[in-house]
Amino acid sequence: MITENIPQIPYVLFAARHLCGYDVTVFLEVVLHELGFSRRGYGRYYLKEAVQIYCNDPKQLLVDGVYQQVARQAGARCSKYQVEVTIRRAVHTAWKHRDAAVWALFFPGCEKTWSKAPSNSQFIAALAALVELWKTYRAKEVASCEENT
């Protein structure tokens, strides 16, 4: 795993340095992989899409806004309720098999806040906050790289 050799620095800062040439989709793929989300099934894909939509407009309601858009992007094969259930199952499965140390790297204090698996809205909001933090660090890294050249 990527996180094995970086106990001193926050993971988001590490990711900003090493993934600064990539977009949000790649960052989310790395984060979800490290958190233990399976690449099989649609949960990881729906979650990644939901976080990106939520980042663009955090005031949207999940069921009527975000889930509906994810369902539309997925095509005629699913509804907003299927998106919700699929994401919930993916979050619960990853939480059940989690490595607490890795989750603490991404979400400091989550063990105190989330005594059981987080709800979809809690998890999507936490991932969106992580993405926004990554974007901030990434912008600083890109600016410092441009100054040095």
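Helices and strands here are DSSP runs, with at least four residues for a helix and at least two for a strand, numbered from the N terminus. By that count, the secondary structure of the chain comes to 8 helices and 0 strands. Read from the N terminus, the elements run α-α-α-α-α-α-α-α.

**Overall picture**

This is a predicted model. The chain has 149 residues, and 43% of them count as buried. Take the contacts between residues at least 6 apart in sequence: 57% of these join residues at least 24 apart.

**Confidence**

How far does the predictor trust the chain? The average pLDDT is 78, and 76% of the residues score at least 70. The elements differ in their mean values. Helix α1 (residues 11–18) has the lowest mean pLDDT, 58. Helix α5 (residues 80–96) has the highest, 91. Residues 1–9 have a pLDDT below 50. Beyond near neighbours in sequence, that stretch has 14 contacts in the model. Where pLDDT is low, the predicted coordinates should not be read in detail.

**Helix α3 against α2**

Helix α3 covers residues 43–56, and helix α2 covers residues 24–35. Their axes come within 10 Å of each other and cross at roughly 130°. An angle between 115 and 145 degrees is neither roughly perpendicular nor roughly antiparallel. The two helices are therefore oblique to each other. The crossing of α2 and α3 is right-handed.

Which residues of α2 and α3 meet? On the α2 side they are V24, T25, L28, E29, L32 and H33. On the α3 side they are R44, L47, K48, V51 and Q52. By class, this contact has 5 nonpolar, 3 polar and 3 charged residues.

K48 shows the contact from the α3 side. This residue sits in helix α3. Is K48 buried or exposed? With a relative accessible area of 11%, K48 falls under the 20% cut-off and is therefore buried. Leaving aside neighbours within four places in sequence, K48 is in contact with T25, L28, E29 and L32. Those four residues are among the α2 residues that meet α3.

**Helix α3 against α5**

Helix α3 also packs against α5. The angle is about 110°, and the axes are 8 Å apart. Angles of 65 to 115 degrees count as roughly perpendicular, and α3 and α5 are therefore roughly perpendicular to each other. From α3, the contact uses G43, Y46, L47 and A50. From α5, it uses V83, T86, I87, A90 and V91. The residues of this contact divide into 7 nonpolar, 2 polar and no charged.

L47 belongs to the contact with α5. L47 is also listed among the α3 residues that meet α2.

**Other buried residues**

I53 is found in helix α3. Its relative accessible area is 7%, so I53 is buried. Which residues does I53 touch, not counting those up to four places away in sequence? They are Q60, V66, Q69, V70 and Q73. V66 is 13 residues from I53 along the chain, and their C-alpha atoms are separated by 6.3 Å.

C55 lies in helix α3 too. At 15% relative accessibility, C55 counts as buried. Outside its neighbours within four places in sequence, C55 is in contact with A128, V131 and E132. I124 stands 69 residues from C55 along the chain. The C-alpha atoms of C55 and I124 are 9.3 Å apart.

A74 has its place in helix α4, residues 62–74. At 6% relative accessibility, A74 counts as buried. Y42 is 32 residues from A74 along the chain, with 9.6 Å between the C-alpha atoms of the pair.

The three C-alpha pairs are set out below.

| Pair | Apart along the chain | C-alpha separation |
|---|---|---|
| I53 and V66 | 13 residues | 6.3 Å |
| A74 and Y42 | 32 residues | 9.6 Å |
| C55 and I124 | 69 residues | 9.3 Å |

**In brief**

Helix α3 crosses α2 at roughly 130° and packs against α5 at about 110°. K48 of α3 contacts T25, L28, E29 and L32. I53 touches residues including V66 and V70, while C55 contacts A128, V131 and E132.

How values were computed. Residues are numbered from 1 along each chain as its sequence is written. This is a predicted model: local features need pLDDT of at least 70, side-chain atom pairs count only at pLDDT 80 or more; totals for chains, interfaces and linings use all residues. Side-chain values use heavy atoms; hydrogens and water are left out. Axes are lines fitted to C-alpha atoms, for helices over the stretch in contact, and angles run from 0 to 180 degrees between N-to-C directions. Angles under 35 degrees count as roughly parallel, over 145 as roughly antiparallel, 65 to 115 as roughly perpendicular and the rest as oblique. A crossing is left-handed if the near helix is turned anticlockwise from the far one by less than a right angle, and right-handed if clockwise. Contact means heavy atoms within 4.5 Å. Ala, Val, Leu, Ile, Met, Phe, Trp, Tyr, Cys and Pro count as nonpolar, Asp, Glu, Lys and Arg as charged, and the others, Gly among them, as polar. pLDDT is the predictor's confidence in each residue, from 0 to 100. Buried means under 20% relative accessible area, exposed over 50%, partly exposed in between (1.4 Å probe, protein chains only).
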